[in-house]
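Trainee: Could we go through this structure together, taking the helices, the ligand and a few individual residues in turn?

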Amino acid sequence: MQVEDWYWQDLEKVGSTNDAAAMLCAAPPAAKFVVSAACQTAGRGRRGRSWQSLAGNLFMSLALPEAAANLNHLPFVLSLALLESIKDLAPDLEVGLKWPNDVLVRGAKISGILLEKTANAYIIAGIGVNIAAAPQGKDFADYPVISLADCNVVTDRLAFLRLYLQRLNADLERLNFLGFEDTRRRWLENACAKGEKIKVNLERRTIEGVFAGIAEDGALVLQQEHESRLVYAGDVFIKRNEENG
Ligand code: BTN
């Protein structure tokens, strides 16, 4: 099947759509393609976490040749297109972006993006969007999560997938023609906690500072008392309310 000039496979049930897409990369069915699934039984999140995959939510993985996009810039264009798609459906909803690629609605996480590289020069961008339901349980005690249904936004996983790919195509084209500066500016216009105090959980410790921007290579710029520091991997918490991991 074809959707918005992407080759597309929609599967009934998979372990992880990232794995299903990576398997296809051995003999790519098209230069860029997307794999989605109605049911995902072993969804993966960032930093070794699992991704609770509830019925009715969107689980999809986009596969792009490495040459088609700069891996440092991809998280920003992917999350910006998610935010734009949500705003298309609900222009008045409070939606914002949190480094590196989370979308927050009313301050709560509604989606996640997991980028992986394959052995044969493909990038897999796994995207989960809480369309119908947000996960619950003690794992979410630290930060709130939300779904579009919680906000009375009526859509379904396939309608959202189509809308998203339209937005993403346009944003990837802008990135190619105008360079990262344009994407960075638009991302920062929608960023949560600009100029505010944040806490960043690194692999082994936590650091704090003011969220001062995004560097050319996609690093988070953290202004500390005596220095400005670049962060390449971590979980950001906005100190305003100590929420949103
Ligand atoms: C995060 O931790 O925020 C990233 C979550 C990414 C989840 C998506 S769901 C579709 C794709 N398949 C996976 O196993 N993970 C990603």
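What follows is a set of questions and answers on the structure shown above.

Mentor: Before we start, this is a predicted model, in which local features need pLDDT of at least 70, side-chain atom pairs count only at pLDDT 80 or more, and totals for chains, interfaces and linings use all residues. Residues are numbered from 1 along each chain as its sequence is written, and side-chain values use heavy atoms, with hydrogens and water left out.

Trainee: Which residues of helix 1 are buried?
Mentor: Helices (H or I, at least four residues) and strands (E, at least two) are DSSP runs, numbered from the N terminus, and buried means under 20% relative accessible area, with exposed over 50% and partly exposed in between (1.4 Å probe, protein chains only). In helix 1, which covers residues 17–24, the buried residues are Thr-17, Asn-18, Ala-20 and Ala-21.

Trainee: What arc do the buried residues of helix 1 cover around the axis?
Mentor: An α-helix has 3.6 residues a turn, so residues three or four places apart point the same way. Taking the arc as that of the directions from the helix axis to the C-beta atoms, the buried residues lie on the same side of helix 1, because they cover an arc of only 165 degrees.

Trainee: Which residue caps the N-terminal end of helix 1?
Mentor: A polar contact is a pair of N or O atoms within 3.5 Å; within protein, one must be able to donate a hydrogen and the other to accept it, and residues adjacent in sequence count only if both atoms are side-chain atoms. Here a side-chain oxygen lies 3.1 Å from the backbone nitrogen of Asn-18, and the residue that provides this oxygen is Ser-16.

Trainee: How far does a polar side-chain atom of Ser-16 lie from an oxygen atom of the ligand?
Mentor: Ser-16 is one of the residues that come nearest among the 19 around the ligand, together with Gln-40, Arg-44, Arg-46 and Lys-109, where near means having a heavy atom within 4 Å. Thr-17 has a polar side-chain atom 3.1 Å from a nitrogen atom of the ligand, whereas for Ser-16 and a ligand oxygen atom the distance is 2.7 Å.

Trainee: How far apart are the end C-alpha atoms of helix 2?
Mentor: The expected span of a helix is 1.5 Å times one less than its number of residues. For the 16 residues of helix 2, residues 74–89, this gives 22 Å, which agrees with the end C-alpha separation of 23 Å.

Trainee: Is Ser-85 buried or exposed?
Mentor: Ser-85 lies in helix 2, which is largely enclosed by the rest of the structure, because 13 of its 16 residues are buried. Leaving aside neighbours within four places in sequence, Ser-85 is in contact (heavy atoms within 4.5 Å) with Phe-160, Leu-163, Tyr-164 and Arg-167. At a relative accessible area of 0%, Ser-85 counts as buried.

Trainee: Which peptide bond is cis?
Mentor: Most residues other than glycine have a negative phi, and most peptide bonds are trans. Pro-100 is in the loop between strand 5 (95–98) and strand 6 (102–105), and the cis bond, with omega near 0 degrees, is the one from Trp-99 to Pro-100.

Trainee: What is the relative accessibility of Ala-193?
Mentor: Ala-193 is in the loop between helix 4 (180–189) and strand 10 (197–201), and its phi is positive, near 70 degrees, although this residue is not a glycine. Ala-193 counts as buried, because its relative accessibility is 5%.
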